[in-house]
Amino acid sequence: MNVLTPLLTPEGRALLDEVRDTDPAHELAVATRLRREHPAELVSAALGQARLRQRAVAKFGSEDARRMFFTPDGAEQSTRASVATYRAECLQATGVRSVADLCCGIGGDAIAFARAGIRVLAVDRDPLTCEAARANADALGLAELIEVREADVTEVDTAGYDAVFVDPARRSSKRGRIFDPEAYSPPLSWAVSAALGAPLGLLKIAPGIPHEAIPPEATAEWVSDGGDVKEAVLWFGRDVTPGARRAMLLPAGAGIYVTSETMLPDPGVRPVGRYLYEPDGAVIRAHLVAEVAEEVGGGLIDPTIAYVTADEAHRTPYATAYEITDRLPFNVKKLKALLRERRVGVLTVKKRGSAVEPEELRRKVLPKPHGPESVTVFLTRVAGAPTMLLGHPVR
Ligand SMILES: C[S@@+](CC[C@H](N)C(=O)[O-])C[C@H]1O[C@@H](n2cnc3c(N)ncnc32)[C@H](O)[C@@H]1O
């Protein structure tokens with residue numbers, strides 16, 4: 001018997017409720033007490049599940065996380081609800097009513113598809129993961145829309161589904177992150193052909209994929225949430241524009257979309273102006289910095305660095321704007337003196353094109369607060385020279 005099945009019994013569910021808010025620091029005492037009334041394996045399974053649920057709150061929100069069932073790998077590899085919901089709503093808006101979710105894991109994407117009213121065939125080859133996916137569909141009242149099938153995705157017939165979504169395993173519990181796309185499970189080449197063969201095919205890939213490796217038939221999309229790049233997805237199908245690129249920023253839902261015809265050339269380099277714009281990671285990964293530079297009327301500080309500079313402050317969802325107060329060659333002593341002189345207590349270190357370790361620099365230049373002021377320092381290159389730009393976010 002696996003560790004999930006006993007938790008799905010009335011005794012297991014009651015125990016899960018009881019240990020829900022257990023503080024990890026008190027786990028041992030709680031376990032000792034509960035073992036007097038319940039089998040030891042059930043108690044440790046419940047406490048383990050409670051821990052996974054607590055960790056999953058960041059991805060799924062507390063309402064869902066406390067009702068869902070996780071495996072450690074399944075929790076780690078699942079798509080966060082914000083991103084899965086955005087994708088499911090896109091599919092729904094394009095008329096998709098059924099999807100084959102190949103490599104469904106514990107059901108992060110399947111749940112969002114079903115909540116968008118899409119019927120899901122959710123396939124995973126791992127029995128325990130399938131059990132969690134089934135329990136999640138039940139727990140969230142979505143069992144009528146989600147059929148979980150334990151199978152190898154390479155053997156599943158997806159004909160008849162409006163869309164196919166493939167999310168290959170890019171980590172293994174033994175080897176950690178897998179870098180060779182042909183070592184993904186299933187291999188990337190199989191996943192591309194499965195997505196290409198569907199009326200609408202979506203394939204989740206590593207956000208760092210080199211653009212040269214993107215199949216020419218695909219529109220590639222990078223999604224960030226709260227400023228962090230979460231994933232990249234290749235879209236294939238009849239209504240998809242080959243070679244297009246999109247950056248989607250959540251939770252704002254702000255997106256830049258370009259085709260190979262509308263894509264701008266690389267932005268020009270110009271002298272550092274009063275403002276510095278730090279583009280969102282999804283914009284940078286999608287190679288859409290030129291679009292942001294155009295929007296703010298700016299240029300790059302260096303041909304190799306994705307910082308945009310301009311003379312005016314523009315409100316844009318695609319970049320964070322900073323007002324620059326100082327520009328000086330990289331010099332630790334000078335920075336230290338400047339922070340003391342300005343009575344700085346909080347230093348934010350950002351870097352692009354610099355090998356300096358932010359934490360190490362912070363320890364050296366601001367061992368203790370000098371006062372109430374906050375400063376952001378950008379360690380970067382300007383026209384090839386290691387440079388420090390000091391400033392603060394534009395409110
Ligand atoms: C990245 S996870 C999927 C996460 C999922 N989209 C979610 O949001 O919860 C990848 C899953 O693929 C499954 N998998 C890997 N190779 C497979 C194969 N050949 N057939 C079926 N499932 C496979 C793994 O068991 C793992 O659960």
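How far is a nitrogen atom of the ligand from an N or O atom in the side chain of Asp152? The gap is 3.2 Å. Keep in mind that this is a predicted model.

## Around the ligand

Start with the polar contacts, since Asp152 has company. Ser185 brings a polar side-chain atom to 2.6 Å from a nitrogen atom of the ligand. Over at Cys104, the backbone does the work: one of its polar atoms sits 3.3 Å from a ligand oxygen. With the protein in place, 93% of the ligand's accessible area is covered, out of the 610 Å² that the ligand has on its own.

Zooming out, the ligand is surrounded by 22 residues. Thr79, Asp109, Asp124, Asp167 and Ser185 are the closest of them. Sorted by class, that shell comes out as eight nonpolar, eight polar and six charged residues.

## Helices α1 and α2

Now for the helix packing. Helix α1 covers residues 10–19 and helix α2 covers residues 27–34; their axes come within 12 Å and cross at roughly 145°. As for handedness, this crossing is right-handed.

Who actually touches whom? On the α1 side you'll find Leu15, Glu18 and Val19, and they meet Val30, Arg33 and Leu34 of α2. By class, the α1–α2 contact has four nonpolar residues, two charged ones and no polar ones.

## Helices α2 and α3

α2 also packs against helix α3, which runs over residues 40–65. Here the axes come within 10 Å, again with a crossing at roughly 145°, and α2 passes α3 in a right-handed fashion. From α2, the contact draws on Glu27, Val30, Ala31 and Leu34, while α3 supplies Val43, Leu47 and Arg51. That gives five nonpolar and two charged residues, with no polar ones.

Val30 and Leu34 are worth a second look: both take part in the contact with α1 and in the contact with α3.

## Backbone oddities

Most peptide bonds are trans, and most residues other than glycine have a negative phi. A few spots in this model go the other way. Ser185, already met beside the ligand, is joined to Pro186 by a cis peptide bond, with omega near -5°. Pro186 itself lies in the loop between β6 (176–177) and α8 (188–196).

A cis bond also links Leu250 to Pro251, this time with omega near 5°. Look for Pro251 in the loop that connects β10 (245–250) and β11 (254–258).

Then there's Cys103, which isn't a glycine but still has a positive phi of about 80°. You'll find Cys103 in the loop between β1 (98–102) and α6 (108–115). Its numbering puts it right before Cys104, whose backbone has a polar atom 3.3 Å from a ligand oxygen.

How values were computed: Residues numbered from 1 in each chain as written. Predicted model: local features only at pLDDT ≥ 70, side-chain atom pairs only at ≥ 80, totals over all residues. Heavy atoms only, no water. Near = heavy atom within 4 Å. Polar contact = N/O pair within 3.5 Å; in protein donor to acceptor, adjacent residues only side chain to side chain. Areas by Shrake-Rupley, 256 points an atom, 1.4 Å probe, with all protein chains shown as cover. Nonpolar A, V, L, I, M, F, W, Y, C, P; charged D, E, K, R; others polar. Axes fitted to C-alpha atoms, helices over the stretch in contact; angles between N-to-C directions. Helix = DSSP H or I, 4+ residues; strand = E, 2+ residues; numbered from the N terminus. Left-handed = near helix turned anticlockwise from the far one by under 90°. Contact = heavy atoms within 4.5 Å.
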